[in-house]
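Reader: I would like a close look at the salt bridges in this protein. Please take them one by one, and say how open to solvent the charged residues are.

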Amino acid sequence: MAVTTTATTATWGITSVDSDKLKINEGVVTDFSITTEAIETPYVQDEEGTAVLRKIIEEHKTIEATIVTKNDVTLPETGDEITIDSEKYWINNITKTESNSQWTSVRISAEQYEHCDKLDKTDSMKSMESKEE
């Protein structure tokens with residue numbers, strides 16, 4: 001007789017999500033799209049005006065992800081760091097969707113620059129966050 005087991009979490013797709021607020025195992029990424037853009041130096045031209053050099057100096061990634069999560073999870077905020085599948089991004093936009101016929105989901109837009117590992121919030125942004133609390 002065959003033994004049947006069931007998993008309590010999905011094992012396909014990207015399952016590792018982590019931030020200071022939204023922890024691993026509190027959400028499963030159900031869709032994920034990534035756009036990579038090269039940031040380049042301007043064209044270098046020779047004496048005839050022909051482009052002779054173009055150099056990529058940075059890589060900019062933007063993502064869109066939907067994360068199915070528990071209803072009472074504490075969500076990250078705009079500017080917070082989030083790690084999805086071992087890649088660190090900073091959140092630009094977050095939208096929570098609740099429904100009486102589906103699981104609660106969170107739609108996140110975030111970005112990453114190849115050589116940037118820190119984000120500083122302006123004083124006005126910090127003061128807006130303290131007013132919301």
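Author: What follows goes through the salt bridges and then turns to a nonpolar patch on the surface. This is a predicted model, in which local features need pLDDT of at least 70 and side-chain atom pairs count only at pLDDT 80 or more, while totals for chains, interfaces and linings use all residues. Residues are numbered from 1 along each chain as its sequence is written, and side-chain values use heavy atoms, with hydrogens and water left out.

A salt bridge here is a side-chain nitrogen of Lys or Arg within 4 Å of a carboxyl oxygen of Asp or Glu. By this rule the count comes to four salt bridges. One of them joins R107 to D31, with 2.7 Å between the closest N and O atoms. The pair links distant parts of the chain, since R107 is in strand β8 (residues 104-113) and D31 is in strand β2 (residues 27-40), 76 residues apart. Strands are DSSP runs of E with at least two residues, numbered from the N terminus.

R107 also forms a salt bridge with E64, at 3.7 Å from N to O. This pair too links distant parts of the chain: E64 belongs to strand β5 (residues 56-69) and R107 to strand β8, 43 residues apart. D31, E64 and R107 are thus linked in a network of salt bridges.

For solvent access, buried means under 20% relative accessible area, exposed means over 50%, and partly exposed lies in between (1.4 Å probe, protein chains only). R107 counts as partly exposed because its relative accessible area is 30%. D31 falls in the partly exposed class because its value is 33%, and E64 counts as partly exposed because its value is 29%.

Another salt bridge pairs E98 with K96, the closest N and O atoms being 3.6 Å apart. E98 is classed as exposed because its relative accessibility is 52%, whereas K96 is partly exposed because its value is 33%.

Away from the charges, V44, V52 and L53 make a nonpolar surface patch of about 240 Å². Such patches are made of residues with over 30% relative accessible area and no salt bridge, joining like charges within 9 Å and nonpolar side chains (Val, Leu, Ile, Met, Phe, Trp, Tyr) within 5 Å. Accessible areas come from the Shrake-Rupley method with a 1.4 Å probe, and for residues only the protein chains shown count as cover. V44 lies in strand β3 (residues 44-45) and counts as partly exposed because its relative accessibility is 37%.

Note on methods:
Helix = DSSP H or I, 4+ residues; strand = E, 2+ residues; numbered from the N terminus.
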